[in-house]
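Thanks for coming. I will go through one structure today, in three parts, and then stop.

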Amino acid sequence: MNFATFKKSKIRKSYSDIIFSFFIASVFILGYHLDKNSNLTFSSVSDEESAPHKGSAMKFGFPLDSVYIQEDVIKKNEIFSNILNLNGLSPNLILSIENEAKEIFNFRNIKAGSKYHIIKKSECDDTPIAFVYEPDKFTYLVCDLRDNIKVDLVEHDVEVCEEVAYGSIDGSLWQSLGKIGVDNSIIDKMEEALSTSVDFYHIQKGDEFKLIFEKKYINGEYIGLGNLLAASYSTDNNTSYSINYKSKDFDGFLDFEGRPARKTFLKAPVKFSRISSNFNLRRFHPIKGKTIPHLGTDYAAPYGTEIRSVADGIVTAAAYGSGNGKFVKVKHDKVYETQYLHMSRFAKGIRPGTRVKQGQTIGYVGATGLATGPHVCFRFWKNGRQVNHLKEKMPAPQTLPQSQLGNYFEVRDKMLVRLQKIGHNYPHQDMAGKVANP
Ligand SMILES: [Zn+2]
């Protein structure tokens, strides 16, 4: 989405915030979940009156008041030339149309279940003036037969609406969110937005999160998530904020003070994983059967899950060791190195000397070497010694330059007001809260 649309929907949003109380009837709960084991609630209300309908006077570029559009669906084994023939087009004309369209679309690739539309001047007219085929949700093919045959593949207008969601936690956030079928990409974005300030591996019962995000619609039909615009996460004694900010020089998430969410080190080398064994100097080793210090943090994840470098750096080893299995070691600067053990395989191009970016996939989860199941043993080296990365105070990233902070704070403050309203202005939250804490 471009910045102009962002501004537009923001303005529309604040207006609908003001008049929200008049639209209570149209509020709907998008997702709600109560699980006896996890007690996680997740709710989402439409922040918008309803999915928009745009340009009702035109359809596929034709004025609705002067044409008749007959909609149908391609049936199994149906051939497009037959459909057109049955609708009054001569075999010669059909051949010319196929010829004209061949650069754009092959009519042999029509799919059963896809929609098509025959467009006539009026219902009783026999000769179509055009027809439209919809290969997917995002585009439609128009064959205009009025003068010369004209074939065009057109993209639908995508309407972006904003929604809010919030929840409180008692248990594992990722597992529970997965269970209730929330689009994984919003979890992903939330993790990215808040990763500087929230340790998602140590979330506490009662923690609360709030999200403002976009949903995309075509002709009123939901087609997917857009951007996460703002997020907050509250623990007992602290609330962290993350605001999506776009300017000439920056595009991404910033925290309250204007520091990029991209921190110097990611908290974990795999997404959606759980810690199966902590850094522990007196651990009883399950395979060797004796006390051996565990100098890493184990993240259990399914076989083949992507392992990412936690920071920019240069690969210093991509090798096999009998205990470590396949492992990669990355040097980040003079002080820090990280190491990732038990991989099933390395990512393409990962070898000593390769430069890697933060978040780049360097290998895949496995159980090579001494491992009881698929996991990454993550080793964090500081000045040549292995330390517990979860206890380390990592260097904080720099804020935006002073000259840009003023603009950011304006955007931030508007979003903070909206985040703070969530749970006060939205009446159904009381309901969710009651159900969640019986
Ligand atoms: Zn380990």
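**Sheet, metal site, core**

I start with Q70, which is partly exposed, at a relative accessible area of 25%. Keep in mind throughout that this is a predicted model.

Q70 is found in strand β4, residues 68-73. Leaving out residues up to four places away in sequence, Q70 touches N87, Y116, H117, I118 and K120. Take I118 from that list: Q70 and I118 are 48 residues apart in sequence, yet their C-alpha atoms are 5.1 Å apart in space.

The strand pairing gives the setting for that contact. β4 and β5 pair in the antiparallel sense, over six bridges. Within that pairing, D72 stands opposite Y116 of β5. In general, strands of a sheet pair through backbone hydrogen bonds, either parallel or antiparallel.

Going across, β5 is residues 115-120, and five of its six residues are buried, so β5 is largely enclosed by the rest of the structure. β5 pairs with β6, again antiparallel, over four bridges; there, the bridge partner of I119 is A130 in β6. Next, β6, residues 130-133, is joined by four bridges to β7, residues 139-144, and these two strands also run antiparallel. In that pairing Y133 stands opposite L141 in β7.

Put together, this is an open sheet of five strands in the order β4-β5-β6-β7-β8, with antiparallel pairing. β4 and β8, the latter at 150-155, stand at the edges with a single partner strand each, so one side of each has no neighbour in the sheet. On average, and ignoring direction, neighbouring strands of this sheet are turned by 20° against each other.

Second part, the metal. Which residues coordinate the zinc ion? The donors are H294 through NE2, D298 through OD and C377 through SG, at 2.0 to 2.2 Å. Their spacing in sequence is H-x3-D-x78-C. D298 lies in strand β15, residues 297-300, and C377 in strand β22, residues 375-382, so this pair ties together parts that are 79 residues apart in sequence.

Are D298 and C377 buried or exposed? D298 is buried, with a relative accessible area of 6%, and C377 is buried as well, at 2%.

H375 is also in strand β22. H375 counts as buried, at 8% relative accessibility. A polar atom of the H375 side chain lies 3.0 Å from the backbone oxygen of G373. Setting aside neighbours within four places in sequence, H375 is in contact with D298, Y299, A300, A301, L341, H342, V365 and G366. So one zinc donor, D298, is on the contact list of H375. Third part, the core. The largest nonpolar core has 26 residues, and those with the most contacts inside it are I307, V328, V330, Y340, I350 and I362. Four elements give two or more residues to this core: β18 (325-331), β19 (336-346), β21 (361-365) and β22. As a general point, nonpolar side chains in soluble globular proteins tend to be buried together.

To take one of these residues, what does I362 touch? Not counting residues up to four places away in sequence, I362 touches I307, R308, S309, V328, V330, Y340, M343, F346, A347, I350 and V356.

β22 links the last two parts: C377, a zinc donor, lies in this strand, and β22 gives residues to the largest nonpolar core. That is where I stop.

Definitions and conventions. Residues numbered from 1 in each chain as written. Predicted model: local features only at pLDDT ≥ 70, side-chain atom pairs only at ≥ 80, totals over all residues. Heavy atoms only, no water. Donors = N, O, S within 2.8 Å, 3.2 Å for Na, K, Ca; no water. Buried < 20%, exposed > 50% of the residue type's maximum accessible area, 1.4 Å probe, protein only. Core = buried A, V, L, I, M, F, W, Y, C linked by side-chain atoms within 4.5 Å. Contact = heavy atoms within 4.5 Å. Polar contact = N/O pair within 3.5 Å; in protein donor to acceptor, adjacent residues only side chain to side chain. Pairing = 2+ DSSP bridges. Axes fitted to C-alpha atoms, helices over the stretch in contact; angles between N-to-C directions.
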